[in-house]
Amino acid sequence: MASENFDLIVIGGGPGGYVAAIRASQLGLKTAVVEREHLGGICLNWGCIPTKALLRTSDIYHLFQRAEEFGLKADNVRFDIEAIVKRSRKVAGRLSGGVGHLLKKNKVTVIDGEAKLEKGSQAPKVVVKGKDGESATYEAKHVILATGARARTIPAAGLEPDGKTIWTYKEAMVPETMPASILVIGSGAIGMEFASFYSTLGAKVTVVEMVDRILPAEDEEISQHAKKAFEKQGLKILTKAQVEKLETTKSGAKATIKVDGKSEAVEVEKVILAIGITGNVENLGLEELGVKIERGHVVADGYGATGVPGLYAIGDVTGAPWLAHKASHEGVICVEKIAGQDVHPMNKSNIPGCTYCHPQIASVGLTEAKAKEAGHEVRVGRFPFVGNGKAIALGEDQGLIKTVFDKKTGELLGAHMIGAEVTELIQGYVVARQLETTEAELMHTVFAHPTLSEMMHESVLDAYGRALHY
Amino acid sequence: MAIEILMPALSPTMEEGTLSRWLVKEGDEIKSGDVIAEIETDKATMEVEAVDEGRIGKILVEGGSEGVKVNAVIALLLEEGEDESALKEAQSSTSQKPPPDNEVKGKESKTSETPAERSESRGQEQDEDEVPDRAKRASGSSDKGRNGSSRLKASPLAKRMAEQGGLDLSTLDGSGPNGRIVKRDVEAALKDGAPKAATKDAAPETKSAPAKAEPGKISVESLHLEEGTYEVVPLDGMRKTIARRMTASFRDVPHFPLNIDIELDRLLELRSELNRKAPEGVKVSVNDMLIRACALALIRVPESNASYTDEGLVLHKHADVAVAVAIDGGLITPVIKKAETKGLAAISSEMKDLAARARERKLKPEEFQGGTFSISNLGMMGIKSFASIINEPQGMILSVGAGEKRPVVKNDALAIATMMTVTLTCDHRVVDGSVGAKFLSALKPLIEDPVTMLL
Ligand SMILES: Cc1cc2nc3c(=O)[nH]c(=O)nc-3n(C[C@H](O)[C@H](O)[C@H](O)COP(=O)(O)OP(=O)(O)OC[C@H]3O[C@@H](n4cnc5c(N)ncnc54)[C@H](O)[C@@H]3O)c2cc1C
């Protein structure tokens, strides 16, 4: 069939793939993206963006319920789940369309269809099976794999979605009715965002987490704070708990959960599986090419190289952290390296992580425990939202900003936040880390008043015993 | 504002130098390309040319000043239309910025100094995220701001880590955007050239000695000498370079020597014949003939004309022969490039010129850097044999002893011959014993049957 040659073919049009393609085109490479479903990948269509749209609704709803506190009268506030979902899909659709325009503007060829790799000369050949069932082969000097990831399931334990009662994030994003009760299995970012959304809209939510705390990737103190905040909202949180059995019933599902050696049965209307992510590594011809795969993800170096000549991998398919901005940045580094630019692998401890539940959580760098594990002597600063004027004016006086410094060098090792708008605040610390500022520069930075960001300043000051407002 | 004329770095290793003398004075008009000063570097005296045009407004560093740091402002140049007032401006911006208001500090002065305060005052001093860039070569900078490409950048964390690790940031290359020195650069430098200040965070095993030998780190005091029984001669650039390079080589390069005796009679005969018949002014020396013989032997045994790198053995395609020349206060090794392509007359006249200029310390860096092999000849001083230290990154150095009449056995009978002993020191990482031996066995017949070197 038809054949066309490119400098670079990117497989997958998610935030990893489409950003890599745009950057490649900027650098003068003749580039194509192969996408089997929709541009924008999980992020725009079934991940970051539609969930944020849903959470916006639940945040506003939550504020309505507090109307009186702000001197407003809003009786009888109700919601329409169909309209909520419709808005979320519309937002996703708008952005996915936007990616198409961006690629066109940057002269990136978009090839619709499912790609598979075959042995080639300089790089593997890309065989694309179009929607019409026809195949075409494309050749390129370089091929980047950006096929993303999907929800992990464990069929043996019954942890397998049926699309009706047992959901993954996909179904959870488009509910037809508002369930009365939900069991969320897994307390990472995805699990907690859905738990927060459904709980705010009135569902009775139970969260099950295997380890001893929720949001296990975050600093322990933040996990504790989050647990308290969620329990106050009425969530039931079971830690050190394992789902032993999950079965569907006529009215929903029944889960047998083992907590502290005791089994307890929980009956709910819906179950959301949020037990992790696994890479899309199947049916791509990777085994034949000898691509190394470990625990469901492609092994790649700091520049995306897989070890197979001409084949690179970036984004979710290469493993944690499964974040859109990590995928995009890996794409940029990989392409710049291909183009012969002087780049360095990403410093993974400079990748911020955000969870948009209520309260929000954001962090960058090492947790206090990890810093100590790594052999740092640390100085820790904390500043609570109750000490901040803007937070009080907003009616958001719950939360904490914690900073961890290396005692000797003054390096900002990590920052951990929980509370209103912290997902927007964290970038200040990310920039600080990237520029390698020490506490000295942070202390001399002027923060606008009144803002929540003043707490970032105070937390740094507190690490050195100099907090001014607490 | 007046243009700052900076102390230039004349070689990549130069950190400071002696501003020997000014060839212009305040008020002189200069054009770009004019020679304005002479500077003594590690190894040579160099002329400084003006880059910009203008009038010398002020000379800030007097002629004869030692230890002038590379990139220090040595003079100010007034551009057309500028008067002396421009000098003040320039000077005040050159000097340190006064610390900003110290209100905050005042408030806390009751308490004893906390680490935060220490870092605070440091933050002020280091307001500018920059350190001087030793790599800057142009003598007069016309950069307007002080933060153009003329300065190295370093992150605050890198600066602090370097300070704590006792590392000189100006010796590092930055890997961050625009060459900014960042944490990973300092970490890497601390790792392979571990500073002596062992902190408890430092790795427990004793690290290798600093990569850069710092002669200054051995104090006179540490010799425990009686007052008045000695005199201290300051280290000049050349002495520092010799100390650093020889220490590093002797420590890092696995040296071994190979000896061989070579008969010289026929070479001496050929030499006198050549010189008898040579045109006016050409006088070939034994050393010139050795240079040519070595060059030919190097080309015949290509694996011996090599340098070691961690990425692979570098095989040189030409024989660039460096010759150690003793000069006042040290030695220098001018290089006869592509010596295998040059005849004896050419080698002879080139060597004469290089040696003469070496003694005046007027060699350009490219004339004494980058040989592939060295010869050191102490024969004229009566030394019988000696083993030189490898001149990195070269793989071998030949030490030439005195030619002398010795009893030898020829055709089973005792005879007299003019013999010399040469010693080849090899870097075992690149030149094994058999390779060194192969080189010597290629060299010996070229000298013993010297017409072959004329081919
Ligand atoms: C519910 C949810 C919420 C999330 N929220 C956030 C968030 O708030 N912030 C954040 O940073 N991250 C979030 N993520 C994670 C984020 O979506 C991913 O990290 C990101 O999408 C990874 O980008 P990617 O390009 O590597 O892969 P993907 O976005 O998964 O894109 C891969 C693309 O490749 C295509 N593809 C796969 N195989 C083939 C093939 N053989 N041929 C052709 N095309 C193929 C797929 O169709 C897909 O479009 C969330 C994820 C989920 C599930």
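Strands here are DSSP runs of E at least two residues long, numbered from the N terminus. Keep in mind that this is a predicted model.

**Exercise 1. Place A:Ser135: which strand holds this residue, and is A:Ser135 buried, partly exposed or exposed?**

Start with the element: A:Ser135 belongs to strand β6 of chain A. Next comes accessibility. Partly exposed covers the range between the 20% and 50% cut-offs, and A:Ser135, at 33% relative accessibility, counts as partly exposed. Finally, look across to A:Ala115: the two residues are 20 apart along the chain, and their C-alpha atoms are separated by 9.3 Å.

**Exercise 2. Work out how the ligand is held: which backbone atoms lie by its oxygen and nitrogen atoms, and how much of the ligand does the protein bury?**

Step one, find the residues that come nearest. Out of 39 around the ligand, these are A:Gly16, A:Glu35, A:Lys52, A:Asp316 and A:Ala324.

Step two, go through the backbone. A:Pro15 has a backbone N or O atom 3.4 Å from a ligand oxygen atom. For A:Ala115, a polar backbone atom sits 2.9 Å from a nitrogen atom of the ligand. A:Ala324 places a backbone N or O atom 2.8 Å from an oxygen atom of the ligand.

Step three, check the cover. On its own the ligand would expose 990 Å², and the protein buries 95% of that.

Step four, see where the shell comes from. Elements of chain A giving two or more residues are α1 (15-26), β2 (31-35), α2 (41-46), α3 (48-65), β4 (114-118) and α9 (324-338). The largest share, 4 residues, is from α2(A).

Step five, sort the shell by character: 19 residues are nonpolar, 14 polar and 6 charged.

**Exercise 3. Sort out the aromatic pairs: what geometry do A:Phe6 and A:Tyr138 have, and what geometry do A:Tyr61 and A:Phe79 have?**

Begin with the tally: 7 aromatic pairs over all chains. For A:Phe6 and A:Tyr138, the ring centres are 6.3 Å apart and the planes meet at 45°, so this pair is tilted. Now place the partners. A:Phe6 is in strand β1 (residues 3-11) of chain A and A:Tyr138 in strand β6 (residues 135-145) of chain A, so the pair ties together parts 132 residues apart in sequence. A:Phe6 and A:Tyr138 are both buried.

Turn to the other pair. A:Tyr61 and A:Phe79 are edge-to-face, at 5.5 Å centre to centre with 90° between the planes. A:Tyr61 is in helix α3 of chain A, and A:Phe79, 18 residues apart from it, is in the loop between α3 and α4 (81-105) of chain A. At a relative accessible area of 13%, A:Tyr61 is buried, whereas A:Phe79 is partly exposed at 30%.

One more to spot: A:Trp167, A:Phe197 and A:Tyr198 make up one aromatic cluster.

**Exercise 4. Explain why helix α14 of chain A is largely enclosed by the rest of the structure.**

First, count the buried residues: 9 of the 10 in α14 (residues 454-463) of chain A are buried, so the rest of the structure largely encloses the helix. Among them are A:Glu454, A:His457 and A:Leu461.

Second, name the neighbours. The buried residues of α14(A) pack against strands β22 (378-384), β23 (400-406) and β24 (412-418), and against helices α12 (422-434) and α13 (439-443), in chain A.

Last, step just past the end of α14(A): there A:Gly465 takes a positive phi of about 70°.

Technical notes:
Residues numbered from 1 in each chain as written. Chains lettered and ligands numbered in written order. Predicted model: local features only at pLDDT ≥ 70, side-chain atom pairs only at ≥ 80, totals over all residues. Heavy atoms only, no water. Buried < 20%, exposed > 50% of the residue type's maximum accessible area, 1.4 Å probe, protein only. Contact = heavy atoms within 4.5 Å. Near = heavy atom within 4 Å. Polar contact = N/O pair within 3.5 Å; in protein donor to acceptor, adjacent residues only side chain to side chain. Areas by Shrake-Rupley, 256 points an atom, 1.4 Å probe, with all protein chains shown as cover. Nonpolar A, V, L, I, M, F, W, Y, C, P; charged D, E, K, R; others polar. Phe/Tyr/Trp six-rings, centres within 6.5 Å; stacked < 30°, edge-to-face > 60°.
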